Amino acid sequence: MNDSALLIDGVSKRYDKLAALDNVSLSVAPGERLALLGHNGAGKTTLIKLVLGLTRPDEGTIKILGKTPTSEEIRQVSAYLPESVAFHKSLTGREQLAMFARLKSQPARSARELLVRVGLEAAMDRRIGTYSKGMRQRLGLAQVLIGSPRIVVLDEPTSGLDPLSREFFYTMISELADSGAAVLLSSHALTELEARTDRIVILRQGKIVANGPLRELRAGAGLPIRLNVEANLETADEIARRYGGARANGRSVEIMCEAGDKVRRLSEVAAFVPAVEDIDVVLPSLEDVYRYYSRQVSDQGDRQ
Amino acid sequence: MISRIAAITATEMRIAIRNRWIVTASALMTGFGLILAFAGSAPSGMLGVDRLTVTVTSLSTLSVYLVPLIALLLSFDAFAGETDRGTLPLLVTYPVERWEILIGKFGAQLVVLALALIIGFGVTAAAVWATDGVSAESLAHLVRLVWTAILLGAGFLAVGNFVSVSVRQPGTAASLAVAVWVIAVVMFDVVLLGAVVADDGGMFTKDIFPWLLVGSPTDAFRLFNVAAIESSVMADGFASTTETFAIPMLAPLVSLVLWPSTILALTALALRRLEP
């Protein structure tokens, strides 16, 4: 585990009597993109603050590249994008970014190149007060790119952005990861995380309730896979009867099956060709998985 | 260290220029300076006190009210504004020490204030010189006024930053700053005056009152300037203020230096403890 970019070991943090984090352990490898999910108050913000050294854990340790998060060496190679950050509206994008560059011992000139990279070339000498929400987020992203960060923390980076900007954000995040940075991002937007993160951690009431690639979480949850079978009027009834499906409309049938049963069930249904015209395989979405893991814990909580 | 402080200071200076702080503050000081120099009572011509010396005395009274106000206005938003915009947590994750951020911001505020004082009082002196002429002695009074006013302002800049670190909303910081001004600049003197009147020349007036005066930055500032002017014309029969109170001439100056340095140190401590 010594090659982890970020290592969180048995960390607890309480505010007054409320446990914000309860014995959380987690590691992120260089180049890995990890998504942090959880309801409001699940402990995401606390975890992010701890990783950034903005607050200290009551118990446990946090190491970034083997060092404490507050050390100057680590702050030199860590980058952070706070949720809905608003820079000073009297400054231009270039001036604001130049200041951040200088704080990281980079030449103020590098601001221009970074702003071009995030698509703010045309607006860089305009005041930030005239920027749209999307442009402000891009400026925030530009300061993340300063230097060569080894660890990147993004708090709800795409909230309130249009689909194109979101796509752009994830492209930049992947580039950062490809260059070897460990990326920790929190998000509410579950569907957009599916293909863009390597691992997902779900927090619930200060505890990690799931930790793994989406594929593993799906398998662990054992949620059924849905087959949408498009048949014709005569065969639809028979398929529905034989495989315990339900008629969705006149011609199509929905069949639920276990993940392990998927291939067998598909070949069975495919035997009806040409009566079967099309089959859609619908995997449980991240939302389904998320709901499963979140509920699991609250059920246990109810039983206690 | 220096380059990081300079980066913060440069950014803050830019904001001050954009927000017309330098222009506004300088215009304010110049306007009041000229009014006091020419629209106020003309020098009586007695005892060789020239117009600039009289003006400096008036300006020192004006500065007692105006300089703390401008200083608090320049500084109350420094950290509360960053908290409000969500940039403070970001800034402190950068490889810059928190006290460096404080010094960077304070430095910019001090430059703005000093510029306003130098421009404002400088223009006033130039105008007096053009009309009446000035003596080397009265120029020395003016120079003393400027640098002590900068020290007085530094004290209230430090207080403004302390207030700004202590609260999370710029609005709260603004009302606290106004409260500080009313209490430290207006109420303190009124209460002291009341106490002296009630005491009627007793122990309070003789032994405690002078030190309370010296302890307040505004009174220390006024005392230092007026005493210096008076001692220079004492040969003509005036009694020195410091002589009356039996406190060393250096005491008000020490007070003027201690205020900004102490409050600034406290602010740095508060900032270190802050969890943004």
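Start by selecting A:Gly119, which sits in the loop between helix 4 (110-117) and helix 5 (133-144) of chain A. Helices here are DSSP runs of H or I with at least four residues, strands are E runs of at least two, and both are numbered from the N terminus. Before you go on: this is a predicted model, where local features need pLDDT of at least 70, side-chain atom pairs count only at pLDDT 80 or more, and totals for chains, interfaces and linings use all residues. Residues are numbered from 1 along each chain as its sequence is written, while chains are lettered from A and ligands numbered from 1 in the order in which they are written.

Is A:Gly119 buried or exposed? Neither label fits: A:Gly119 counts as partly exposed because it has 16 C-beta neighbours inside 10 Å. (With C-beta atoms placed from the backbone, 20 or more others within 10 Å makes a residue buried, 12 or fewer exposed, and anything in between partly exposed.) Now add A:Arg56 to the selection: the two residues are 63 apart along the chain, and their C-alpha atoms are separated by 36 Å.

Zoom out to chain A. You'll find 10 helices and 13 strands, with a C-alpha trace spanning about 70 × 50 × 35 Å along its principal axes. Colour residues 6-219 as domain 1 and 224-283 as domain 2; these bounds come from an automatic or database domain assignment. The domain centres, taken over C-alpha atoms, are 43 Å apart. Of the 304 residues in chain A, 40% count as buried.

Next, hide chain A and show chain B. It has 12 helices and zero strands. The radius of gyration of chain B is 20 Å, close to the 19 Å that the globule rule gives for 276 residues, so chain B is as compact as a globular protein of that length. (That radius is taken over C-alpha atoms, and the rule is 2.2 Å times the number of residues to the power 0.38.) Buried residues make up 42% of chain B.

Last stop: bring both chains back and select where they touch. The contact takes 20 residues from chain B and 22 from chain A, a contact being two residues whose C-beta atoms, placed from the backbone, lie within 7 Å. Which helix of chain B gives the largest share of its side? Helix 1 of chain B does, with seven residues. Colour that side of chain B by type and you get nine nonpolar, six polar and five charged residues. Here Ala, Val, Leu, Ile, Met, Phe, Trp, Tyr, Cys and Pro count as nonpolar, Asp, Glu, Lys and Arg as charged, and the others, Gly among them, as polar.
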